[in-house]
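Hi,

Here is the structure I promised to pass on. My notes on it follow below, with the cut-offs spelled out so that you can reproduce them.

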Amino acid sequence: MDRGTVGSAQSGRLLVEVRQEGSSAVVSPAGELDHHTAELLREPLDDCLSKGLSRLVVDCARLEFCDSTGLNVLLGARLKAEAAGGGVHLAGMLPVVARVFEITGADAVFTVHATVAEALADGHDGRDEDG
């Protein structure tokens, strides 16, 4: 698998790293995803899609906070990825972030995995109809 770094962006409260794993892009935000930092995640997600990487795995293991603006960035990326024949998979969410997805019902429209390895091994895109 190609483990080359595609790019990264950083602000005081959010660092986003991107790497390609086969036909997937693994996007790893670390810190706080909110109104002030949302563009730091939106730009690399859009960049991956513009490069033809429509299967996005978002590694949430180091994402400490996510508000409605951050949630909207992920939902927007999901729509764009699905329109391109791919999908957005979320992996390794901390309980505080997972709670936001549960409260809003967004966990029902994303495929959620315990780990990035599981997300990469999952061959289908879009919603997980069984869970």
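Arg-19 sits in strand E2; helices (H or I, at least four residues) and strands (E, at least two) are DSSP runs, numbered from the N terminus. With a relative accessible area of 25%, Arg-19 is partly exposed, where buried means under 20% relative accessible area, exposed over 50% and partly exposed in between (1.4 Å probe, protein chains only). Between Arg-19 and Cys-48 there are 9.6 Å in space, C-alpha to C-alpha, and the two are 29 residues apart in sequence.

A word on conventions: this is a predicted model, in which local features need pLDDT of at least 70 and side-chain atom pairs count only at pLDDT 80 or more, while totals for chains, interfaces and linings use all residues. Residues are numbered from 1 along each chain as its sequence is written, and side-chain values use heavy atoms, leaving out hydrogens and water.

Now the interior. The largest nonpolar core (buried Ala, Val, Leu, Ile, Met, Phe, Trp, Tyr and Cys residues joined through side-chain atoms within 4.5 Å) has 31 residues. Leu-41, Leu-45, Leu-56, Val-88, Leu-90 and Phe-101 have the most contacts inside this core. Elements that each supply at least two of its residues include strand E2 (14-21), helix H1 (38-50), helix H2 (68-83) and helix H3 (95-104). H1 gives the largest share, 6 residues. Another core, of 5 residues, lies apart from it, with Val-26, Val-57, Ala-91 and Val-116 among them.

How do H1 and H2 meet? Their axes (lines fitted to C-alpha atoms, for helices over the stretch in contact, with angles from 0 to 180 degrees between N-to-C directions) come within 9 Å and cross at roughly 10°. H1 and H2 are therefore roughly parallel to each other, the class for angles under 35 degrees (over 145 is roughly antiparallel, 65 to 115 roughly perpendicular, the rest oblique). On the H1 side the contact (heavy atoms within 4.5 Å) includes Leu-41, Leu-45 and Leu-49; on the H2 side, Val-73, Leu-74 and Ala-77 are among the residues involved.

Finally, H3. Its buried residues are Val-97, Ala-98 and Phe-101. They lie on the same side of H3 because they cover an arc of only 100° around the axis, taken from the directions from the helix axis to the C-beta atoms. These buried residues pack against E5, H2 and E6. The face turned away from the buried side carries the exposed Pro-95 and Ile-103. Just after H3, Gly-105 has a positive phi of about 85°.

Best wishes
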